[in-house]
Amino acid sequence: MAAAGKAAAGRPKMGEEKLIIRSEKVRLFDILSMMILRRPITSYAFVDVGDETARDIGITPGDIFVKLTEIIQKVLASIYTPAKWVGILVEFLLNFVALNGGLLGILWNIVRFKLVIPRRDAANFRTMIGMIDGRTELKPAPETSAGDMRQLQVLNVLVSGEVADLESGYVTDGTPLIVRTYLILEITVMAAKIAYENAAFVENVVNNVWKFNFVGFYNGWNKFLKEETTQAFVFTDRPEDANVVVVAFRGTEPFNMQDWSTDVNLSWLGMGAMGHVHAGFLKALGLQEEDGKDASRAFPKDAPNGAAPIGKTIAYYKLREVIREQLKKHPASRLVITGHSLGGALAAVFPAILAMHKETDILARLDTVQTYGQPRVGDDTFVKYLAAEVAKVAATYYRIVYRYDVVPRVPFDIPLIAEFAHGGTCIYYDGWYDGKVLPGDAPNPNYFDPRFLLSMYGNALGDLVKGAFLWVRAGKDYREGPVSLLYRASGLIVPGLASHSPRDYVNGIRLGRIEAKQV
């Protein structure tokens with residue numbers, strides 16, 4: 001197989017490159033067949049493969065990670081509806097208790113005929129993510145005394161068009177580097193966190209808590225799923241003469257099994273010079289055709305007429321329009337793109353599509369892409385393509401990973417079949433928020449390596465204990481309630497699940513230390 005792979009790599013690509021696994025068509029018999037027989041993966045009816053890809057893969061059978069992925073997909077599909085309704089019920093009850101001031105408050109409000117009934121579209125309604133971590137305020141930058149200068153000193157970012165000087169420790173306007181670096185990380189991690197909330201909640205936080213300028217909240221139509229699966233919001237730091245335009249994508253919702261299914265899906269599409277890109281993330285942004293030969297047909301520069309129902313918008317095209325308007329309105333501003341989980345994947349793919357469409361006016365203003373708990377989005381060609389495009393405009397791309405967070409370890413990297421890789425500079429935090437700059441992937445890259453099993457469960461237990469007592473050392477902002485601790489306990493069942501919470505990413509930015517050299 002290695003020889004076949006090398007031969008394929010050296011042959012000019014003339015045909016269609018794609019591998020789409022129709023998980024809804026996978027039968028139990030097919031999974032058993034893959035486990036017992038060693039049939040080529042391309043021979044199964046549920047696999048839609050391009051002619052060029054079929055030649056590249058040859059007789060390669062589906063390995064253990066293909067079988068495992070399809071088992072996970074079947075489990076997720078079977079609990080989609082129950083999980084959806086459980087999520088609705090749990091979030092309603094948690095908000096009902098919180099908005100009425102607890103159980104005693106409910107009784108008192110009943111007596112006073114002032115019982116508060118939660119509305120999902122209200123500015124005071126919080127999703128499960130908001131219940132796990134209710135913090136909305138931006139924390140001020142840390143003091144820049146000598147004792148604190150270790151924090152985040154390794155990061156070299158552009159903020160408001162000012163170039164950071166690592167040697168002097170200051171940006172060109174004289175502001176200490178640590179302050180400017182910290183602020184962009186604080187803003188992006190909090191934006192990625194509140195992106196899970198509804199439009200009214202986000203608008204209230206941006207305008208009234210952060211004192212920034214809310215631009216808009218957008219729902220993106222997915223042609224293949226025939227629903228609005230993508231959410232993002234845009235804001236600037238001020239209404240006039242803004243320094244930054246920030247785009248934040250919503251991530252994987254805890255009770256949305258479709259989101260989790262997208263994260264682990266192995267399907268990819270050849271996008272020309274961009275390389276192989278995860279099909280699910282392309283669809284979330286606005287893919288029009290599963291065409292692995294003509295990228296301009298698969299994802300055209302302009303949305304085709306009738307691409308979305310009347311009154312609906314497609315995420316990529318709508319956000320591109322809004323960003324262009326905001327950059328024109330604020331000539332000195334720079335563009336920042338962020339997201340957590342699935343939102344991080346969209347944050348990485350979005351600028352790559354801009355580059356494919358030669359949107360140089362937007363890309364020239366790109367400052368940084370900051371993702372948190374991001375899944376893999378493409379192959380090594382995509383990684384190099386995005387890195388080159390980011391480097392052209394002197395921007396940065398940082399991918400932050402907390403411990404054994406499961407999501408950055410999917411979709412699985414499977415030689416020849418689904419060669420997913422990570423890009424950007426990986427900032428890896430351990431349990432006490434000590435960060436390291438890794439040259440490649442985080443430890444245990446495909447999640448199921450048995451050598452890490454004890455460490456993963458030990459980390460889950462350690463995080464649960466730490467979560468209960470961190471506030472004693474770090475202060476009241478780090479006190480965790482029963483919902484957060486219960487979520488951490490889920491890591492004792494599925495290690496790495498609790499590590500995906502935005503709470504630890506926020507804590508990492510606020511409390512973390514990062515080594516000043518790669519390891």
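What percentage of the 519 residues in the chain is buried? Buried residues make up 55% of them, where buried means under 20% relative accessible area, exposed over 50% and partly exposed in between, with a 1.4 Å probe and protein chains only.

Before selecting anything, note that this is a predicted model, in which local features need pLDDT of at least 70 and side-chain atom pairs count only at pLDDT 80 or more, while totals for chains, interfaces and linings use all residues. Residues are numbered from 1 along each chain as its sequence is written, and side-chain values use heavy atoms, with hydrogens and water left out.

**The whole chain**

Show the chain as a cartoon, in which there are 19 helices and 16 strands; helices (H or I, at least four residues) and strands (E, at least two) are DSSP runs, numbered from the N terminus. Among contacts between residues at least 6 apart in sequence, 73% join residues at least 24 apart, a contact being heavy atoms within 4.5 Å.

**Helix 10 and its surroundings**

Select helix 10, residues 257-264. Seven of its eight residues are buried, so helix 10 is largely enclosed by the rest of the structure. The buried ones are M257, D259, W260, S261, T262, D263 and V264, and what covers them includes helix 4, helix 5, strand 10 (276-278), helix 11 (279-285) and helix 14 (342-356).

Add helix 4, residues 64-78. Helix 4 and helix 10 pack at an angle of about 170°, with their axes 10 Å apart; the axes are lines fitted to C-alpha atoms, for helices over the stretch in contact, and angles run from 0 to 180 degrees between N-to-C directions. The two helices are therefore roughly antiparallel to each other, since angles over 145 degrees count as roughly antiparallel, under 35 as roughly parallel, 65 to 115 as roughly perpendicular and the rest as oblique. Display side chains for T69, I72, Q73 and L76 of helix 4 and for M257, W260, S261 and V264 of helix 10, which make the contact. By class, this contact has five nonpolar, three polar and no charged residues; Ala, Val, Leu, Ile, Met, Phe, Trp, Tyr, Cys and Pro count as nonpolar, Asp, Glu, Lys and Arg as charged, and the others, Gly among them, as polar.

**The two largest pockets**

Next, centre the view on P254, M257, W260, V494 and L497, which lie nearest the centre of the largest pocket among its 31 lining residues. On a 1 Å grid over the protein atoms alone, a pocket is an open set of points with protein on both sides within 12 Å along at least five of seven lines, a cavity is a set where a 1.4 Å probe fits but cannot get out, and lining residues have an atom within 4 Å of a point. The largest pocket has a volume of about 960 Å³, a volume being the space filled by probe spheres set on the points, which are joined across faces, edges and corners. Helix 4 gives the most to this lining, with five residues, and the lining divides into 29 nonpolar, one polar and one charged.

Now move to the second largest pocket, whose volume is about 810 Å³. Of its 30 lining residues, R120, Q231, R250, E253 and N256 are the closest to its centre. Helix 5, helix 7 (128-132), strand 6 (213-222), strand 7 (227-236) and helix 10 each supply at least two residues, and helix 5 gives the most, with six. By class, this lining has twelve nonpolar, eight polar and ten charged residues.

**A cavity and two loops**

The structure holds five cavities of 30 Å³ or more, and the largest has a volume of about 80 Å³. To find the largest cavity, select its lining residues, including Y404, M456, N459, D463 and R488; helix 17 (residues 453-474) gives the most to that lining, with four residues.

D463 also leads to G431, which, leaving aside neighbours within four places in sequence, is in contact with Y402, R403, D463 and K466. G431 sits in the loop between strand 14 (425-429) and strand 15 (434-438) and is buried, with a relative accessible area of 2%. Its C-alpha atom is separated by 8.9 Å from that of D504, 73 residues apart along the chain.

Finish at T127, in the loop between helix 6 (102-111) and helix 7. T127 counts as buried at 11% relative accessibility and, not counting residues up to four places away in sequence, touches E91, Y196 and E197.
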